[in-house]
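Subject: Structure for your review

Dear colleague,

Please find below the structure that I am handing over to you. My notes on what was found in it follow directly after.

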Amino acid sequence: MVLSREGAKQPQAIGSLVSIDKIPEMAAGEFCETDGPATKEAALEERQEFRASALAARASRFAAPAPAAGPDTKDMSKVKPLRWIRDPYAAYSSIAVDPINNEVVMTDENLFQILVYDRLENTPPKARLSEPKRAIAGLNTKIEFQCGLYIDPKDGSIYAVNNDTVDSLVIFDRSAKGNVKPTREINTPHGTFGIAVDEAAQELFLTTQHDSSMVVFRKYAEQDESPIRLLQGDKTGLADPHGIALDTKDGWVFVSNHGAVADRHPRPEGQRGRRGAQKQNWPLERAQAIPGSGRSLPPSIVVHGIKDQGNVPPVRVIQGPKTMFDWPTGLAVDEERGELYVANDIGNAILVFNVTDSGDVAPKRVIQGPKTNLRNPTGVWVDTKNHEVWAANFMNHAATVYPLTASGDVAPVRMIRSGPLDQPSLGIGNPHPLAYDTKREQILVPN
């Protein structure tokens, strides 16, 4: 991500310089007032504080002890920044429909929250945003960087996947709201992303990005239970897996891959995993990566048998230039029509394939174009009861819904927005180092 001093996206610069300025001295109790953008809605400010508190709490666990106060030491901990570069609005990352209660649920990776709306909500064009019916947010929720979502079709429980800084799947009652603890947690491998559930078998499927694997838990597993199956290895075709969807009718599991992968050494007998301790069916982690084996493969969707485990090849692979894949992320299956829906992140499109497709095949339908309002869709959900398909758009504060058979450059039938139409989404998520290019006056923020 490259930002100008005004915050607008700029072309990527090659090379950068880092400029460091001394913090000006201040009198005791004197603070600089922020002149950056700020929202007036108290709820949005509160959610920003939830995220800041979560990040601060996490950082404090690894911070070095503060030096002893000396005669020239000044307390800068409460000094306000001169300017902000931040997005005060929700960035939808995954989406799921509760057809029984007529609600749509979304995760927000920007402000660390789960938002629940009426399914028929439609933000008016002149409105700044739609307020959710309920929001789950705060330190007690253990919500951070959530990217996978599932709604229990019987009781409406919300299953939400933490991808990065919190290695757990958190489950909430459908009526949960505010800063509440999860009703249940399952400790997961680091980098877990997608979720799917086989209700008949009572099994819960999770993809793990960094370890290029898939783990299967009992649906009602307790916090420290081991997975019951593991799919990992060079034969599986898993390479930075993200989305996952099940076709229980035909017995298949679909996994979307961005393409990054590295080989792993077997874990020595008796050696503990970094996070999995002595758990069974735990993925080989980064510590087992073979130096120099990393590679970037073309994006793909691999199809495995729903009971596959170990290092086994897929039954089919969808891959090639005709597929239009450009970071395929969220997946959804319509078992009645035999169709696979793909949220094509960088391609700003929803791609539709037959579940039987294989090889370098073009999608049978494509939803794409300026009228669609698709912008970096990372989540997709098929609502077969109401014959609709939903997309969570990460880069324009919007969730969009279309008829199930939509194709081409079509306008959504409804749209739920978390911010104004003209408000840009910064796309800053979990930034680490920071650099300032003095020649171009640009701030470079890797995510």
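In this predicted model, the largest nonpolar core holds 16 residues, and Phe 254, Ile 301, Leu 340 and Val 342 are the ones that touch the most other members. Five elements need naming here: strands E15 (252-257), E18 (300-305), E20 (328-334), E21 (339-344) and E22 (349-354) each give two or more residues to this core. The largest share comes from E22, with 3 residues. As a general background to such a cluster, nonpolar side chains in soluble globular proteins tend to be buried together.

Val 342 illustrates how the core is put together. Apart from its neighbours within four places in sequence, Val 342 is in contact with Ile 301, Phe 325, Pro 328, Gly 330, Leu 331, Ala 349, Ile 350, Leu 351 and Phe 353. Ile 301, itself among the core members that touch the most others, is thus also one of the contacts of Val 342.

Two of the strands that contribute to the core, E15 and E18, also belong to an open sheet of 4 strands, ordered E14-E15-E18-E19 with antiparallel pairing. Its edges are strand E14 (241-247) and strand E19 (316-318); each has a single partner strand, so one side of each is left without a neighbour in the sheet. From one strand to the next, the twist averages 20 degrees.

Within that sheet, the pairing can be followed residue by residue. E15 and E18 run antiparallel and are joined by 6 bridges. Trp 252 has Gly 305 in E18 as its bridge partner, and Ser 256 stands opposite Ile 301 in E18. On to the next strand, E18 and E19 are also antiparallel, with 3 bridges between them. Here Ile 301 stands opposite Ile 318 in E19. Ile 301 therefore deserves attention when you inspect this region: Ser 256 is opposite Ile 301 in one pairing, and Ile 318 is opposite Ile 301 in the other.E18 is mostly covered, with 6 of its 6 residues buried. On one side these are Ser 300, Val 302 and His 304, and on the other Ile 301, Val 303 and Gly 305, so that both faces of the strand are covered.

Trp 252 also takes part in a side-chain arrangement. The charged end of Arg 316 sits over the ring of Trp 252, at 4.3 Å from the centre of that ring.

A search of the whole structure for aromatic pairs finds 4. In one of them, the ring centres of Tyr 92 and Tyr 117 are 6.3 Å apart and the ring planes stand at 90 degrees, so the pair is edge-to-face. The pair links distant parts of the chain, since Tyr 92 lies in strand E2 (residues 92-98) and Tyr 117 in strand E4 (residues 113-118), 25 residues apart. Both Tyr 92 and Tyr 117 are buried.

A further open sheet has 4 strands in the order E6-E7-E8-E9, and the pairing is antiparallel. Strand E6 (146-151) and strand E9 (184-187) stand at the edges with a single partner strand each, so one side of each has no neighbour in the sheet. The twist in this sheet averages 20 degrees from one strand to the next. E6 pairs with strand E7 (residues 158-162) in the antiparallel sense over 5 bridges, and Gly 148 stands opposite Val 161 in E7.

Two loop residues have backbone angles that you may wish to view. His 387 is not a glycine, yet has a positive phi of about 55 degrees. The residue is found in the loop between strand E24 (377-383) and strand E25 (388-393). With a relative accessibility of 47%, His 387 counts as partly exposed. Glu 441, likewise a residue other than glycine, has a positive phi near 50 degrees. Glu 441 lies in the loop between strand E28 (435-437) and strand E29 (442-444), and at 38% relative accessibility counts as partly exposed.

For the chain as a whole, there are 1 helix and 29 strands. Of the 447 residues, 51% are buried. Among contacts between residues at least 6 apart in sequence, 57% join residues at least 24 apart.

Yours sincerely

Note on methods. Residues are numbered from 1 along each chain as its sequence is written. This is a predicted model: local features need pLDDT of at least 70, side-chain atom pairs count only at pLDDT 80 or more; totals for chains, interfaces and linings use all residues. Side-chain values use heavy atoms; hydrogens and water are left out. A nonpolar core is a set of buried Ala, Val, Leu, Ile, Met, Phe, Trp, Tyr and Cys residues joined through side-chain atoms within 4.5 Å. Buried means under 20% relative accessible area, exposed over 50%, partly exposed in between (1.4 Å probe, protein chains only). Contact means heavy atoms within 4.5 Å. Two strands pair if DSSP finds at least two bridges between them. Axes are lines fitted to C-alpha atoms, for helices over the stretch in contact, and angles run from 0 to 180 degrees between N-to-C directions. Rings of Phe, Tyr and Trp (its six-membered ring) pair if their centres lie within 6.5 Å; planes under 30 degrees apart count as stacked, over 60 as edge-to-face and the rest as tilted. A charge sits over a ring if NZ of Lys or CZ of Arg is within 6 Å of the ring centre and within 35 degrees of the ring normal.
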